[in-house]
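Student: I'd like to go through this structure with you and ask how each label is earned. Could we take it piece by piece?

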Amino acid sequence: MTLRYPDIFPGFVCTGSACEDNCCKMGWDIEIDENTLDYYRSLDTDLGRRLCGNIYEEEGCFYMSQPDGCPFLSGEGLCSVQQACGAEHISEICREHPRFYEWFGDYKEAGLGLCCEEVSRLVLTHERPLLFTEKQTDEPDDDLEFDSGILAAVKDLRDRLIDVAQDRGFTLLQRLVILAYCAEDIGEAMYGEDTERLRQLSGMLAIDGFRMEIVIQAQQDAAEAAKSHEKGRTKEQLTKHMLHMFSSMGYMGKLGKSFDRERFSVEKILGAEKKFSGEYAPYQYELENVLVYFLYRYLIKSVRDYSAEEHLLSAVYLTLGLRWLFLKEYAESGSLPDIGRRIFLAKEFSKEVEYDSDNMDIIYDTIQQDTAVRDTLRGLCM
Ligand code: SF4
């Protein structure tokens, strides 16, 4: 098996009792895999009985009941099941979280989910461009079907899109606008299973002049929209459009308030954008890494669901959403939120939006149903 992973992957260590937002306290549905369940059922101890008493079945799957967080989390913030039985006897998802994987026959990809505060710290403090490495492992092949030609084309295209995301010759917004402009062509080629066209697009994106042409085109489009006062196309209107999408989502904590435009003046926040862009410029690598994370993690899913445009545009939307949180706090306080706060916001944003499938469906539905979504995204990046 060939395993591909980002360079931050091997360095990840759960901070356990030092974690300020322990994932075991989230109240998420924690699936208990069959082997672990069999082991718990075989335990003739109080712990075994408590474990089995806390597990419920839904549609053939088993879950740990934990509306207020995992009942087996010790007062020191450690897993009491792991302490008593060993790491090999906790459920696979508990052992692996926040790692994620995708399998394609003898090829596997691994990564780290941004919803974990330690991962968020690793991602936002990685000043050099994120790199990806491959190594051989002795894991057996996976047997789920996929088209190897599509996999090769998607991997190649994603490498190029990541190249664009890491092209520091452009501002972050310019890189986002390049991605937003080519999303439709990529989506069409993908739905048509046109690997030749995907390779062609990938080749074009490798050319610096092509990237520059898109940025110039985007600047001209934005200037024309501003001149003609085109209805719904001003930055303010487009921002309200984006905020409407994020504010229509469900949130467990307070993050949703940062998207609720009844609570602040969008005009005032956008008025601070130029100054924010200047002061945040030395730290653009943070949002670059976040964008690369979304591209790496989700584009590969189009090998099976063919939704390359949706995954690409959602990566742009999510990056803009997090940037909005940074910009809003800057506009309100007059200074950049510090790195600890930026890490917190990235983790919260991932936890509340990326890790909530209903919220992600709102983004995908917006991309699929809103005919103006491409214009909105392009305009937001200018
Ligand atoms: S959120 Fe991350 S660092 Fe915190 S307990 Fe979970 S895996 Fe560990």
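Student: Which residues of α6 meet α8?

Tutor: Happy to start there. This is a predicted model, and in it Gly149, Ile150, Ala153, Asp156, Leu157, Arg160, Leu161 and Val164 of α6 meet Thr195, Leu198, Arg199, Ser202 and Leu205 of α8. Contact means that heavy atoms lie within 4.5 Å. Sorted by class, this contact has seven nonpolar, three polar and three charged residues.

Student: What makes Gly149 polar in that count?

Tutor: The classes decide it: Gly is placed among the polar residues.

Student: And why is α6 called roughly parallel to α8?

Tutor: Take the angle and set it against the cut-off. Helix α8 covers residues 195–205, and α6 packs on α8 at an angle of about 20°, with the axes 9 Å apart. Angles under 35 degrees count as roughly parallel, so α6 is roughly parallel to α8. As for the hand, α6 passes α8 in a left-handed crossing.

Student: How do you know that α6 and α7 are roughly antiparallel?

Tutor: Their axes cross at roughly 165° and come within 10 Å. The cut-off for roughly antiparallel is over 145 degrees, and α6 and α7 are therefore roughly antiparallel to each other. Here α6 passes α7 in a right-handed crossing. On the α6 side the contact is made by Ile150, Val154, Leu157, Leu161, Val164 and Ala165, and on the α7 side by Arg175, Ile178, Leu179, Cys182, Ile186 and Met190. The class count is 11 nonpolar, no polar and one charged.

Student: What makes α7 and α18 roughly antiparallel?

Tutor: Use the cut-off again. Helix α7 (residues 172–191) and helix α18 (residues 373–380) have axes that cross at roughly 165° and come within 8 Å. With over 145 degrees counting as roughly antiparallel, α7 and α18 are therefore roughly antiparallel to each other. Their crossing is left-handed. Leu173, Val177, Ala180, Tyr181 and Glu184 of α7 make this contact with Arg374, Leu377, Arg378 and Leu380 of α18. By class, that gives six nonpolar, no polar and three charged residues.

Student: Let's turn to the strands. Why do β5 and β7 stand at the edges?

Tutor: Four strands form an open sheet in the order β5-β6-β1-β7, and the pairing is mixed. β5 (99–104) and β7 (132–136) each have a single partner strand, so one side of each is left without a neighbour in the sheet. Neighbouring strands of this sheet are turned by 20° against each other on average, direction ignored.

Student: How do you know that β1 pairs with β6?

Tutor: Pairing needs at least two bridges, and three bridges join β1 (residues 2–6) to β6 (residues 107–112), which run parallel. Leu3, for instance, has Lys108 in β6 as its bridge partner.

Student: Which helices lie on this sheet?

Tutor: Helix α6 (residues 148–165) lies across β1, β5, β6 and β7, at about 35° to β6. Helix α13 (residues 284–299) packs on the sheet too, touching β1, β5, β6 and β7, and its direction makes about 150° with that of β6.

Student: What makes β3 and β4 partners?

Tutor: The cut-off is at least two bridges, and β3 and β4 (residues 61–64) pair over four, in the antiparallel sense. Glu58 has Cys61 in β4 as its bridge partner, while Tyr56 stands opposite Tyr63 in β4. These strands belong to an open sheet of three, in the order β2-β4-β3, with antiparallel pairing. β2 (30–31) and β3 (55–58) stand at its edges, each with a single partner strand, so one side of each is left without a neighbour.

Student: What makes Glu59 unusual in that hairpin?

Tutor: Most residues other than glycine have a negative phi. Glu59, in the turn of the β3 and β4 hairpin with two residues between the strands, has a positive phi of about 50° although it is not a glycine.

Student: And how do you know that the bond between His97 and Pro98 is cis?

Tutor: Its omega is about 10°. Most peptide bonds are trans. Pro98 is found in the loop between α4 (92–96) and β5.

Student: Which residues surround the ligand?

Tutor: Pro98 again, with Cys14, Thr15, Cys19, Asp21, Asn22, Cys23, Cys116 and Glu118. By class, this shell has five nonpolar, two polar and two charged residues.

Conventions. Residues numbered from 1 in each chain as written. Predicted model: local features only at pLDDT ≥ 70, side-chain atom pairs only at ≥ 80, totals over all residues. Heavy atoms only, no water. Axes fitted to C-alpha atoms, helices over the stretch in contact; angles between N-to-C directions. Near = heavy atom within 4 Å. Parallel < 35°, antiparallel > 145°, perpendicular 65-115°, else oblique. Left-handed = near helix turned anticlockwise from the far one by under 90°.
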